Amino acid sequence: MPGFELFGAEEKKEVQDVLDNGVLMRYGFDPMRNGHHKALELEKDLAKRMQTKYAQVVSSGTAALTVALASAEIGSGDEVIMPTFTFVASFEAILSVGAVPVLCDIDDTLTLDPKAVETAITPKTKAIMPVHMCGSMADLSALKAICDQHNLILLEDACQAIGGTYDNKPLGSYGDLGCFSFDYVKTITCGEGGGIITNSKKFADRAHKYQDHGHDHVGNDRGAETHPFLGYNYRLSELNAAVGIAQLRKLDTTLATQEKNYSILRHALEAIPEVTFRRVPETGVESYAFLNLFLPNENLARNAHKALGAHGVDACFYWFDNNWHYYKKWEHLLEQKSLGRLSEEVQNGLKKNNRSFEASDAWMGRTISCLIKLSWTEEEVNKRASKMVEAIKSVL
Ligand SMILES: *Cc1c(COP(=O)(O)O)cnc(C)c1O
């Protein structure tokens, strides 16, 4: 997955364009910039590649989620349903617009279980946020049907699955809004950055203004712009955008490399009857950023994870114990350790999360995710495959 493995001459050339004219900001300064509008260019390229009408780039994936939520008019006390397995950014973005993250069980897709989502809906629910963790997606048609029935926003967090598809549509483009992260360890990196895609002019217009203090960007004179509504600063710099342009151009070769490496590892592991794999919903195609596997029980998964490490197989994660990605270690959220006072409504809403999530625990306890790198040679992947088989067999 990490796009930084492919950082090279193409990225440097794009960055050099920006350095040559010295305009590091995306708005204004037109006479100095020699026609270079890197953030704008990245938006055009992203919308084209993702087959959506609009794209908005911002300063991070967390900012993308925040701006997307704000664009859908999600605010104080509204509830957003999100999975127990994700990156902490999901609940941070929800809290930052004043809304309440409501945790919900996952299933064998390793993201939102539509049946559990239905039971989590209340009159305050405004949006459902599936997170396409580790290269594969939620059952989007089932979630979309629930959203249609209850008049909810479907916001896809595709930060870890750029390039995957569902129903022949790029992940992120199926729901009302989709978000990507271009942080340093993602499939495409800008150093730091994020993107929002949508087919809604209304959401795109709002996102465009919201990420730049609510400015309307009418005319060339920033001083003369008006502010139709409140916003913040989530702008992406031209330097970061320049890196992203070169990285996005490589996306399809990156995906092909991921698929090739993934397939070699998967094929080898399929020979072990005790190993099974994450369910990819019908009509879904993974981005192959990770290979996600299940062992028959938690004990075996823990032992297999240790054995992989002992056999020198790096970059395999046992998320169940991880403090960034699984709810059990989010004590700051569960214990409401906010620096500033949270509103009573948010405090009460968050109390819903203080319960057990047995289905999530059952799946995550058995899961190991292995990062697929781009820089491996074929020989390295083959060697890795046999080491993985050896490691896992040693604990069975
Ligand atoms: C990385 C990530 C984010 C946040 O992206 P940043 O660019 O690091 O802010 C959000 N959601 C998921 C699933 C991620 O993996």
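The shell around the ligand mixes five nonpolar, six polar and three charged residues. Keep in mind that you're looking at a predicted model. Of the 14 residues around the ligand, the ones that come nearest are Gly61, Thr62, Ser181, Asp183 and Lys186. Away from the ligand, there are three helix pairs to look at, and helix 3 turns up in the pair with helix 7 and in the pair with helix 4.

**Who touches the ligand**

- Start with Asp183: one of its polar side-chain atoms sits 2.6 Å from an oxygen atom of the ligand.
- Gly61 joins in through its backbone, where an N or O atom lies 2.7 Å from a ligand oxygen.
- Asp157 uses its side chain instead, with an N or O atom 2.8 Å from a nitrogen atom of the ligand.
- How much of the ligand does the protein bury? On its own the ligand would expose 380 Å², and the protein buries 94% of that.

**Helix 3 and its partners**

- Packed helices get described with two numbers, the angle between their axes and the distance between those axes.
- Helix 3 covers residues 61-71 and packs against helix 7, residues 201-210, at an angle of about 125 degrees, with the axes 9 Å apart.
- That angle is why helix 3 counts as oblique to helix 7.
- As for handedness, helix 3 passes helix 7 in a right-handed crossing.
- Helix 3 also packs against helix 4, residues 89-96, this time at about 40 degrees, with their axes 9 Å apart.
- Angles under 35 degrees would count as roughly parallel, so helix 3 and helix 4 are oblique to each other.
- The crossing of helix 3 past helix 4 is right-handed.

**Helix 10 and helix 14**

- Further along the chain, helix 10 (residues 298-310) meets helix 14 (residues 378-393), and their axes come within 8 Å and cross at roughly 135 degrees.
- Because of that angle, helix 10 is oblique to helix 14.
- Which way does helix 10 pass helix 14, left-handed or right-handed? Helix 10 makes a right-handed crossing with helix 14.

Conventions. Residues numbered from 1 in each chain as written. Predicted model: local features only at pLDDT ≥ 70, side-chain atom pairs only at ≥ 80, totals over all residues. Heavy atoms only, no water. Near = heavy atom within 4 Å. Polar contact = N/O pair within 3.5 Å; in protein donor to acceptor, adjacent residues only side chain to side chain. Areas by Shrake-Rupley, 256 points an atom, 1.4 Å probe, with all protein chains shown as cover. Nonpolar A, V, L, I, M, F, W, Y, C, P; charged D, E, K, R; others polar. Axes fitted to C-alpha atoms, helices over the stretch in contact; angles between N-to-C directions. Helix = DSSP H or I, 4+ residues; strand = E, 2+ residues; numbered from the N terminus. Parallel < 35°, antiparallel > 145°, perpendicular 65-115°, else oblique. Left-handed = near helix turned anticlockwise from the far one by under 90°.
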